[in-house]
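Biologist: I would like a close look at a single part of this protein. Please take one sheet and go through how its strands are arranged.

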Amino acid sequence: MSVLAVVSKAVFEKQAPKGLALGGVWALDRYVSKNPGLASLSEGGALLLVTVRPPDERLWLVAVLEGLSFDGEQWVGRANVAKVVDVTPLLGKLVLATGKGITAEKGKLGMSLQTPRLLAETDVALLRGAIGGGAPEAEPAAKAKTSTKAAPAPPVKPPSAKSAPVVAPAPAADSPLGRALDAVAKTLPKSPEEALDKLLEAWRVRPAAELATLVTLLANAHTGAKFEGSSQAWTKAAKASTSVGRSSLLPALREGKIADVRARVTAASKWGPDPRVGDALAAILREVPFTSDGSFAFWDTVWDAVAAQKDPRFAPLFEELPRKWNVRETLKLRLTRALASVAKKLPPAVALTAAERAQVSALEAALVALQPAAPKGARTEAALLADVYAHPDEDGPRLVYADFLEEKGDPRAELIQLQCAAPSPAHDKRVRALLDKHGKQWLGPLAPVIGAKFEFRRGFLAKAVVKFKNAVEAERFGNDPAWATVEELEWSVFNLPPRGQEDAVRFIGPAMKSLRVARDASPKLLLAAAAPWKIEELQVSVEDLDQFRDLVVSPLLPALRLLHVDYEAAPSWLEGMVDVRPRTLVVEGTEHSHAQWVAAVERTSIERLDLLDEANRWIFRRGEDGALTQLTIEGPISARVKEAYAAYDRPLGPVSVTVRGPDDLLPPKKKVARPAASAKPTFHDVRAVAWTNEGLWVCDVARVTLIDPIGGKLLRTFPINEAGKVAISRDGRRVFTVAYNRLEAYSTATGKAEWKHAGKTGSDEEIDISPDGRFALAANEGRALFCDLDAKTVLREQRADTYYSACISPLGKGWAQTQNDFAYVFTPEPKARGVRMSEGAHRLGWLGDDRLLVGHTDRLEIWDPWKTELLHTLKGPAEQFVEHAGKVACIRDDDLAVLDTQTWKQVWKRKQIGFEEPMAFSPDGQHLLVMPDEGPRILDAATGKDV
């Protein structure tokens with residue numbers, strides 16, 4: 001892509017020839033800069049150099065450098081031959097690759113251009129048009145390469161009425177293309193639509209890069225505002241669109257989920273070859289927006305569309321793409337193979353004759369004059385938003401922006417005003433209604449990487465979960481100024497990131513300047529910042545001692561008061577450190593004893609130590625003597641705590657213990673009264689639920705509880721050993737657990753462990769139990785165990801990798817699991833081979849009649865696994881399945897939905913209550929239990945409404 005860069009006043013007056021003025025030529029051949037914003041020049045773009053001239057801030061275009069290469073210090077190319085021109089009148093027409101144009105306060109134009117700016121194709125055409133004959137003419141092949149790499153032109157609103165363009169006369173070339181261009185020139189004043197149709201016909205016969213520029217200029221001069229609406233509305237509009245109207249549709253081609261984009265690409269392909277479609281497809285290939293195993297069908301559609309374009313401008317792009325695809329090897333191999341196949345079908349680059357180029361130049365000059373200025377209203381809005389992002393702690397800029405929105409009738413004005421006012425129940429209710437209706441839309445440019453749960457404060461995004469899939473997404477979305485209002489951010493990484501992109505998926509950048517709470521950000525990028533952060537609470541995965549020490553003393557984290565690290569950290573890392581910045585240290589899943597951590601922390605300035613395991617939170621605070629002798633234990637307390645108490649008295653001295661949670665298992669000297677049988681229980685980290693005629697069975701990591709589903713009263717409870725995963729049979733007969741290298745099965749009738757299996761297991765298995773409690777499954781990345789709990793034996797041990805999901809057949813025939821991008825089904829027979837099906841499988845579940853549900857990122861499949869027969873496909877993702885009485889509850893697009901298992905139509909959908917919450921149907925199938933962290937919710941299975 002071509003780049004706009006500034007030559008400072010001092011450099012221009014020192015290095016330019018004396019007396020250089022408008023119309024003169026500065027034979028410059030290099031630009032001294034290491035700015036990373038110039039990197040795209042290595043791919044064939046031009047560098048357009050400007051300078052700001054006093055006293056009235058006139059912007060001069062002083063040089064155009066091409067054929068550039070970087071020698072480590074500077075960019076060197078062919079000597080400039082373009083004349084110096086005043087391009088100040090074009091400032092309002094430049095849109096840049098971002099679509100936001102150039103805005104600057106009076107007296108600050110030079111400062112605003114200090115950072116190199118990527119130019120849109122229309123910008124390059126405007127600036128070259130201003131130069132006229134002084135611009136160097138590129139060779140046809142080179143021009144094709146540059147044109148291919150340019151970003152699709154940003155959408156432009158309709159210009160104000162102008163007189164019909166006058167095309168400078170140029171003799172028609174004696175060729176079919178020449179005659180076609182002559183027809184375009186004659187038609188243009190009367191009917192731009194017809195002229196564009198003729199131009200597209202010429203492109204389809206001779207797809208020269210110069211014609212692509214003309215198509216873009218002509219379409220942008222007459223296009224409307226960018227399309228806003230659903231995918232269905234987009235495809236409907238695409239069918240009825242004219243050639244000019246398609247320019248307002250294409251900017252939205254890449255928006256939405258994978259199924260939406262695939263449908264739009266399919267619809268756009270039916271328009272026939274069009275350089276605007278080619279540019280949009282090229283952007284998809286550069287960004288690789290979808291990388292999951294379920295995206296393969298999407299990429300097949302994209303490659304079919306690319307091949308149908310027959311656009312020679314793809315050739316240079318194809319050369320660079322494989323080097324830049326930072327995705328998993330399986331997807332990269334698939335993409336590369338498809339690229340090689342399509343490359344063989346591309347037509348050769350087209351060169352124009354001198355007469356044809358003259359006709360193109362005449363048309364281009366007429367079309368450049370038609371390009372509309374950047375809309376004044378949009379610029380005003382951009383300036384108001386920029387003021388909000390520059391002062392995120394102040395209400396004033398937000399309220400000014402609200403006034404602007406109110407004049408437009410935008411409901412977001414009300415949100416800003418309500419959230420900046422004093423809170424009240426009425427305000428809160430109205431805010432919830434506004435966000436339920438418009439919240440996702442108001443995420444704006446950040447929407448593609450923000451999870452389902454987010455929070456607005458003072459009218460702007462303040463708390464969210466971010467999902468960067470790869471470096472492309474981090475680069476595209478991570479530096480948007482809209483991050484300036486976000487105060488709390490959690491990075492979500494569900495799967496292993498692509499190799500070498502661990503920091504990219506946890507990207508944190510300077511635009512996130514208001515963060516107070518950051519969970520799972522990249523510590524490397526945190527410590528590489530150029531300015532201090534405002535972060536007060538930080539959760540990170542530390543790699544080593546040096547990184548840990550950098551975090552606790554770094555001047556980049558002056559406000560840090562709480563540091564949360566994972567199991568990699570060790571007490572020895574605190575040796576020699578006395579005065580550290582955080583006053584609270586949280587360590588999760590540590591392999592070291594509590595006594596070791598307490599001894600290490602007591603020698604520092606840390607005032608509180610929290611140690612987290614799978615069941616409990618152990619909070620040590622300093623007592624009156626300054627030692628960490630105040631202990632609070634939060635969470636379910638298991639029998640293992642008895643051993644821990646005895647150990648505390650010896651290494652730590654007297655300890656004051658407070659327990660928040662079930663206390664019937666405490667040592668006698670600290671035991672308090674049991675809760676009454678009628679008391680409503682509290683829950684912590686619920687792992688599984690079942691709804692039987694007896695009541696609701698709720699299992700967490702250390703306790704099984706039976707409660708009354710009507711009044712919520714506790715009916716019965718018994719402890720289990722601390723477990724990483726828990727499953728309970730649908731009939732409530734048995735509980736199956738895995739943790740600490742052991743499997744255990746408990747009888748709910750007695751509360752006792754009936755069977756144990758030790759060795760070769762961990763706490764990270766996917767586990768399941770059959771509805772009748774007879775069979776159980778434990779599968780991890782290495783092997784799967786299929787167990788008969790009645791016979792108290794392992795029926796089959798299968799070596800097989802499980803990455804996402806594993807579940808047991810409800811009829812006990814075997815089990816299903818995902819591995820190596822496929823769904824597999826195994827039977828208990830010791831040597832029977834697994835049956836493979838459904839590439840790109842993500843989540844699995846069973847129906848009561850032994851049909852298998854296979855969830856993908858873009859669809860739900862229903863299989864007869866024993867016949868390897870695909871029975872039905874439903875559009876849209878689905879996971880976490882619970883089935884009963886002809887209905888299946890699942891999570892779809894971050895919403896909770898119920899489907900009819902006969903028709904596969906959606907019965908209802910509502911906003912998801914919590915993340916991966918356990919669910920269970922009532923015995924009669926009339927109600928659905930959902931168990932988020934805050935407690936049980938019972939919904940009407942027919943309507944989804946709370947009961």
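Modeller: What follows describes one sheet, after a short view of the chain around it. This is a predicted model, in which local features need pLDDT of at least 70, side-chain atom pairs count only at pLDDT 80 or more, and totals for chains, interfaces and linings use all residues. Residues are numbered from 1 along each chain as its sequence is written, and side-chain values use heavy atoms, with hydrogens and water left out.

The protein chain has 24 helices and 46 strands; helices (H or I, at least four residues) and strands (E, at least two) are DSSP runs, numbered from the N terminus. Of its 947 residues, 52% are buried, that is, under 20% relative accessible area with a 1.4 Å probe, protein chains only.

Now the sheet. Strands pair through backbone hydrogen bonds, either parallel or antiparallel. Here four strands, in the order β20-β21-β22-β23, make an open sheet with antiparallel pairing; two strands count as paired if DSSP finds at least two bridges between them. The edges are β20 (688-692) and β23 (714-719), and each has a single partner strand, so one side of each lacks a neighbour in the sheet. From one strand to the next, the twist averages 15°, where axes are lines fitted to C-alpha atoms and angles run from 0 to 180 degrees between N-to-C directions.

At the β20 edge, the partner is β21 (residues 695-699), joined to β20 by five bridges and running antiparallel to β20. Within this pairing, alanine 690 lies opposite tryptophan 697 of β21.

Terms used:
Buried means under 20% relative accessible area, exposed over 50%, partly exposed in between (1.4 Å probe, protein chains only).
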